[in-house]
Amino acid sequence: MGLAASDFRRLSMTAHTNDLQTAVSILLSPGGLTLDALDSGLGYAMGAGIDYADLYFQRSWEEGWILEDGEVKEASYNIDGGVGVRALAGEKTGFAYSNQITADALMDTGKTAAGIVRSGKQLTGQAVNPVTAASYYAGIDPLAGLSADEKVAMLKDADRIARAADPSVTQVSASLSGTYEVVLVRASDGTLATDIRPLVRFNVSVIAVKNGRRERGSAGGGGRYSMSRLRDEQVSERYAKEAVRQALVNLEAVDAPAGQMPVVLGAGWPGILLHEAVGHGLEGDFNRKGSSAFAGRMGQRVASKGVTVVDDATLRDGRGSLSVDDEGTPGQYTSLIEDGVLTGYMQDKLNARLMGMAPTGNARRESFAHLPMPRMTNTVMLAGQDEPDDIIKSVKRGIYAVSFGGGQVDITSGKFVFSASEAYLIEDGRVTAPVKGATLIGNGPDAMSRVSMIGHDMALDTGIGVCGKEGQGVPVGVGQPTLKVDELTVGGTQS
Amino acid sequence: MAQAFDASAQQALLIQRAESALAMAKRMGADAAEVGASVDQGIGVSVRQGEVETVELSRDQGIAITVYVGQRKGSASSTDASEASLLATVEKALSIARYTGEDPSAGLADAALMATDIPDLKVHHPWALTTDRAIELALSCEQAGREVTGITQSDGASLSSGEGVRVYANSHGFVGTQKGSRHSLSCVLIAEDEQGMQRDMDYTSARNPDDLSDPAAVGREAARRTLRRLGARRPPTGTYPVLFDPSLASGLVGHLMGALAGGALYRQASFLCDRLNTPLFPDWFSLEERPMEIGATASSPFDGEGVQTRNNRFIENGQIASYMLSSYSARRLGMKTTGNAGGARNLRITAPLSNPAALFEQMGTGVWVTELMGQGINGVTGDYSRGAAGFWVENGVVQYPIEEFTIAGNLERMFGALVGVGDDIDRRGSIHSGSWLIDGMTIAGN
């Protein structure tokens, strides 16, 4: 059964007033602020000539536990928070931030942000308009879902299971991390929005040694939910076994081939292809500036027929999901490519306004101390019709890649890479020997036009992605069905 | 600068806060504790197509506390400078330590190793830079690049300038502190032909603003690097020598240090496990660390746990002469710390240096790589496979730009196949290296 991305969307309208009260009590009350006080805070950031200003309040609690050699060796706890104030005038942005959430800090940062941009048209005042949005995850503290003893027990389980899985396993490390984040956005266009964003992750990495060879395997996942769900879903066992399986496969790997050949990508995390080959190139800022290889191609064919790509912030509990983005725009399902034709960009308010488009809920920032930019959430290719087996059978000589380390793109030339960490040869329509990790390189528009078969087995990744742009990291998701690219360059050592 | 920053006052405040945190930890039951604290302030401006795009004022602070209860360890950090938050952070570190396991190797570095020689290494050069002046410099950089014939647009020029203070203190009574600054200017330009767009960039970065390159020179170099990429083709698939640009050669040194790092070694996650005192590079190649170099990028008299830094020689006459260790990783390996908690500081190569023309001649036919993409490095096996762009070279002469290809090999074999190091040394980062010529890598292209 193929799952279309929209099948994951089980909307639950929660009472956002509860979130608002929580956010106010966590973010504003400790510094003696009230919601009403934000109007004057915003006033400092406005002044003549400012088109738009916003205040972004954030507080986060982050916890990390690391097991090595069968013991929890590291445990850390990090508290961060503050307010970022932004003032926009035309294409200009002034930005300042403070670790203090107080009236004085709002005045200082607001005046600073406004003082550094000077032109633009006069703003007309807007009434406060609380944003109504669906919730795509529960507004909870995910760290509280398990006791410290239970967290330690999960890590020890992973260690025990991985070591029992195969005698060649010599090292096991496991980590459990989570973030409880509360944000509140107040903008001069009337926006008042809050969001409570849980995020958790469990990871296992092993080293296996056999016949003098040493290899690593790793597996992990998570999403926007409580740590208790990681335990309930028994991820210790799942990821421990998966990490060992991958290490054992890599112990048998032969040198990868070098050159151009058909590449079959597995379902799920290999969707990193979409993130690099098309995703970044469809972010609003690059297209407004004309620096993307996709600039000016709206309505044109940019991929094979049958290729439909969406950015979907509304996937239930997804790692990249957002109930509201970091400008307070509700998270959305945005169609990027429909049946091969470019249909949409991902926008924040600044770039949407300058391009005469609507914001798409893709404004994201690493923290209050960073400026928002158009960013991906969960980027997904919808399912096609093909049997995954038939896709493999159609290849005479090529590569079947099922897991990847990471990728990168030059959005201007369109060149992108992604590095396989588990891959196999396909010989005469059959998956044969595992091959060593190799980087695949292509050109975004070319590669998408060479997608010739699309499986019906759409799957999301397990929740491990971090996207980097201009030095800011944000959690993202990807997903795709098994698919075949007729020709990509495979960077092995066997020429 | 729009915000005043009194580094000395901040330093006094941080020391006081660190000592207060240590006292709290002791009072609340920690057997030992260590604290890292920092404050950084800066300005960043970016311009694009002759207009100001962003002006950002930054001020970041943080304090991180690690406590030891017996052989158990807990850490906590916060960006909130209040006394109440400090207390909560110490409490959290202690409460979390109760759940970690006994680790015989855990603990502070030995008291006898704490740095006592703490000279001023001249790494703090604040820049009294107004926002207007910062914008002016970025604009002049971009304009010089845009004026070059063939440049069709700019992706912007950015200037950033910052200074900060850091303090490290521990319950041995050690308090180390250093003020530092960093200033940089970069420019990204775009050119277009019938084949499509290409971009490239240049930057200058220094601790002292007087050491920055001329903004116009940065803009023009960005233009030169962008224009030379137009008309790129794909190279043939095969085995060829590869010449790495200096900044990319520094990256190879970075991979080497990653494999020599104690953390990777005791986890068996390095391709250089059990290789001490064995050959890795040709015998004419040595690599050493100069942590006390005056005014250099990464200079510091003490490492991340207060240990006196020293001139380590990691590669001597081609052999691995030392690993890169902290106290913890050293204990795990049954060795002594090399004063490298937090990494290596200022790596310098000792080797006979060739001018780049001689390296091209030595290469004959092969690939000159000026950009690498992606993360295709396996630190466990040394397997290396990355996307690349650069130039095709025949008989020592550059023929045409190339792109959309990969270079692959294995780091251990690549280090052994190093045949020359250039005198075109890039001094912008903490690793200073010239170009590297490496024989026999696999190119995947057409």
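Which residues in helix 4 of chain A meet helix 6 of chain A? Before selecting them, note that this is a predicted model. The model scores ipTM 0.94 and pTM 0.95. For chain B, the average pLDDT is 96, and 99% of the residues score at least 70.

**Stop 1: two helices in chain A**

Select residues 148–165 of chain A for helix 4, then residues 235–251 of chain A for helix 6. On the helix 4 side, the residues to show are Met154(A), Asp157(A), Ala158(A), Ile161(A), Ala162(A) and Ala165(A). They meet Ser236(A), Glu237(A), Tyr239(A), Ala240(A), Lys241(A), Ala243(A) and Val244(A) of helix 6. By class, this contact has nine nonpolar, one polar and three charged residues.

Two packed helices are described by the angle between their axes and the distance between the axes. Here the axes of helix 4 and helix 6 of chain A come within 8 Å and cross at roughly 35 degrees. The crossing of helix 4 of chain A past helix 6 of chain A is right-handed.

**Stop 2: the C-terminal domain annotations**

Stay on chain A and select residues 259–492, where UniProt, in an unreviewed entry, places "domain: Metalloprotease TldD/E C-terminal". This span of chain A is 14% helix and 40% strand, and its end C-alpha atoms are 8 Å apart.

Now move to chain B and select residues 237–445, which an unreviewed UniProt entry annotates as "domain: Metalloprotease TldD/E C-terminal". Over residues 237–445 of chain B, the content is 20% helix and 35% strand. The end C-alpha atoms of that span are 5 Å apart.

**Stop 3: the N-terminal domain annotation in chain B**

Select residues 33–97 of chain B next. UniProt, again in an unreviewed entry, gives "domain: Metalloprotease TldD/E N-terminal" for this range. Residues 33–97 of chain B are 23% helix and 65% strand, with the end C-alpha atoms 12 Å apart.

**Stop 4: where the chains touch**

Show both chains. How many residues does each chain give to the contact? Chain B gives 61 residues and chain A gives 62 residues. On the chain B side, the largest share, ten residues, comes from strand 2 (residues 51–69) of chain B. The chain B residues that touch chain A divide into 16 nonpolar, 30 polar and 15 charged.

Keep strand 2 of chain B selected and add strand 3 (residues 92–98) of chain A. These two strands pair in the parallel sense over four bridges. To look at a single bridge, pick Thr93(A), whose partner in strand 2 of chain B is Thr54(B).

Conventions. Residues are numbered from 1 along each chain as its sequence is written. Chains are lettered from A and ligands numbered from 1 in the order in which they are written. This is a predicted model: local features need pLDDT of at least 70, side-chain atom pairs count only at pLDDT 80 or more; totals for chains, interfaces and linings use all residues. UniProt positions are given in the numbering used here, feature names are shortened, and annotations may be inferred rather than shown by experiment. Two residues are in contact if their C-beta atoms, placed from the backbone, lie within 7 Å. Ala, Val, Leu, Ile, Met, Phe, Trp, Tyr, Cys and Pro count as nonpolar, Asp, Glu, Lys and Arg as charged, and the others, Gly among them, as polar. Two strands pair if DSSP finds at least two bridges between them. Axes are lines fitted to C-alpha atoms, for helices over the stretch in contact, and angles run from 0 to 180 degrees between N-to-C directions. A crossing is left-handed if the near helix is turned anticlockwise from the far one by less than a right angle, and right-handed if clockwise. pLDDT is the predictor's confidence in each residue, from 0 to 100.
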